[in-house]
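Work through the exercises below with the sequence and the model open side by side. Each task is followed by a solution in steps.

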Amino acid sequence: MLYPKQEHAIFYPRDSSGAIARFSFIEAATKTGKTVGCIAWLFEQALFAKDGNNFWWVAPVYKQAEIAFTRMKRAYPVGTFDANEGDLILKVVVSGAIIWFKSAEKPDNLYGEDVYAAVIDEASRMREESWHAIRSTLTATRGPCRFIGNVKGRKNWFYALARKAEHGEAGMAYFKILASDAVAAGVLADAEIQEAKRDLPEQVFRELYLAEPSDDGGNPFGLKAIAQCIAPMSSAAPRVWGWDLAKHVDWTVGTALDDAGRVCRHERFQLPWDATMNRIATTTGRVAALVDSTGVGDPILEMLQKNLGSKFEGYNFSSPSKQKLMEGLAVAIQQSTIKFPDGVIRSELEDFEYEYTRTGVRYSAPEGFHDDCVCSLALAVMHSSHARKPLVFSDEVMRWSAQR
Ligand SMILES: Nc1ncnc2c1ncn2[C@@H]1O[C@H](COP(=O)(O)OP(=O)(O)O)[C@@H](O)[C@H]1O
Ligand SMILES: [Mg+2]
């Protein structure tokens, strides 16, 4: 049984005119029953659909899609659906409708089909391109969609659309579900909230349990500091290069800084290894360069170093060495000793977040997001003299660290 607020938000959302809303935006605290409520809703949509109609559950990464798939299977009796484990598909037996559980990691894989209803889980952690793709699949069917997630800063499409819905846009409904609502409904223990309050930095607690966005969205570099480093691409000569090599699905990125610490070259490509090496060698020439030498990077670095007159050095990424690299970059950004152009570098920096682990605070890109421009810039910064001052953590992190 869903509790009334869950039911209104997910099953019977109404827009400002009182009509049933096609799109419902639910900003909710963690563990308030967003996922479980939407599992019930999507299954019901598919139950009353026609043979072969498609329904989508979309999560930011595969693992989350798989969890929802497993939870839906457990929620309904054997015999009501046929499951395809490999593709995360459930076919509802009575209607013949098909429910797909998809990852949003590659937006291109989200185009194509006609979808009759969709759930976007963890919407604040999903890229905007993915939403655009999903939107296109709902056009021909005029299918409804439920958007559920925690709040995460103010700089994401979910936040922006939720504000539209909140301000009464036709066809859109907006709901906020707090941890206290779930406690009142008896599905969450108050003690758990008190524990989280004690253990988490205040801004993180506010986002996760009170659904109040923080100004910085938990960004370790600081959004203001990032903005202050924006300047047009310099046309001066490179003094140092940083190269981050493509691992499985990402890009090889090279960033060069000039004498004044301004980004003066930026390369981003996906090529076979031999072509990658040639391109790095010819682009860098005799300028000093720090290259990611992790894994497959090691033989590449060796070959680059065989070129006469080249000045390549390697940097091996481990968990601590990557943090050191990021801290150096944070110093340079907070003190505005580097400049970079608006665009992909900025957006990757803005997507970064603190990750709180048992051993301390780490900087990382959210799962499913790229960080190769950030790594490449950080390598260039480390190899130059722009990162040699002490790091200033935000008050929030200092307070949190002091409590440990
Ligand atoms: N109406 C409800 N009745 C009983 N249990 C619920 C209800 N809503 C949520 N729960 C339980 O609370 C827990 C958190 O729900 P979940 O949907 O995973 O939350 P969220 O997605 O908001 O983090 C789950 O164990 C779920 O079964
Ligand atoms: Mg959930």
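**Exercise 1. Strand pairing in the 8-stranded sheet**

Task: Find which residue of β5 A59 stands opposite, then place the two strands in their sheet.

Solution.
Step 1. A59 stands opposite S103 in β5. The model is a predicted one.
Step 2. This pair belongs to the contact between β2 (residues 54-59) and β5 (residues 98-103), where 6 bridges join two parallel strands.
Step 3. Both strands sit in an open sheet of 8 strands, ordered β3-β4-β5-β2-β6-β7-β1-β8, and the pairing is mixed.
Step 4. The edges are taken by β3 (81-84) and β8 (172-177); each has a single partner strand, so one side of each is left without a neighbour in the sheet.
Step 5. On average, neighbouring strands in this sheet are turned by 15° against each other, direction ignored.

**Exercise 2. The 5-stranded sheet and its hairpin**

Task: State the order of the 5 strands in the open sheet with β9 to β13, and follow the pairing from β9 through β10 to β11.

Solution.
Step 1. The order is β11-β10-β9-β12-β13, with mixed pairing.
Step 2. β11 (263-269) and β13 (312-315) are the edge strands, pairing on one side only. From one strand to the next, the twist averages 15°.
Step 3. β9 (residues 240-244) runs antiparallel to β10 (residues 252-257), and 5 bridges join them. Within β10, T255 is the bridge partner of G242.
Step 4. β10 is also joined to β11 by 6 bridges, again with the strands antiparallel. Here L257 stands opposite V263 in β11.
Step 5. The hairpin of β10 and β11 has 5 residues between the strands, and G261 takes a positive phi near 80° there.

**Exercise 3. Rings and charges**

Task: Which residues do ring pairs link into a cluster, and which charged side chain lies over the ring of W56?

Solution.
Step 1. Two aromatic rings are taken as a pair if their centres lie within 6.5 Å. By that rule the count is 19 aromatic pairs.
Step 2. F23, F25, W131, F147, W157 and F158 are linked by such pairs into a cluster.
Step 3. Over the ring of W56 sits the charged end of K102, 4.6 Å from the ring centre.
Step 4. A further case is R127, which lies over the face of F369 at 5.8 Å from the ring centre.

**Exercise 4. A cavity and a pocket**

Task: How many cavities of 30 Å³ or more does the structure hold, and what lines the largest cavity and the second largest pocket?

Solution.
Step 1. Rolling a probe the size of a water molecule over the atoms shows where empty space is left.
Step 2. The structure holds 1 cavity of 30 Å³ or more. The largest cavity contains about 40 Å³ of space.
Step 3. The lining of the largest cavity consists of P60, A104, E105, R125, M126, R127, S130, E367, G368 and F369. By class, 4 of these residues are nonpolar, 2 polar and 4 charged.
Step 4. The second largest pocket has a volume of about 540 Å³. Its lining has 26 residues, and R127, K155, S347, D351 and F369 lie nearest its centre.
Step 5. At least two lining residues of this pocket come from each of α4 (128-137) and α13 (344-351). α13 gives the most, with 5 residues.
Step 6. The lining of the second largest pocket divides into 7 nonpolar, 6 polar and 13 charged residues.

Definitions and conventions. Residues numbered from 1 in each chain as written. Chains lettered and ligands numbered in written order. Predicted model: local features only at pLDDT ≥ 70, side-chain atom pairs only at ≥ 80, totals over all residues. Heavy atoms only, no water. Phe/Tyr/Trp six-rings, centres within 6.5 Å; stacked < 30°, edge-to-face > 60°. Lys NZ or Arg CZ within 6 Å of the ring centre and 35° of its normal. 1 Å grid on protein atoms, 1.4 Å probe; cavity = no way out; pocket = protein on both sides within 12 Å on 5 of 7 lines; lining within 4 Å. Points joined across faces, edges and corners; volume = space filled by probe spheres on them. Nonpolar A, V, L, I, M, F, W, Y, C, P; charged D, E, K, R; others polar. Helix = DSSP H or I, 4+ residues; strand = E, 2+ residues; numbered from the N terminus. Pairing = 2+ DSSP bridges. Axes fitted to C-alpha atoms, helices over the stretch in contact; angles between N-to-C directions.
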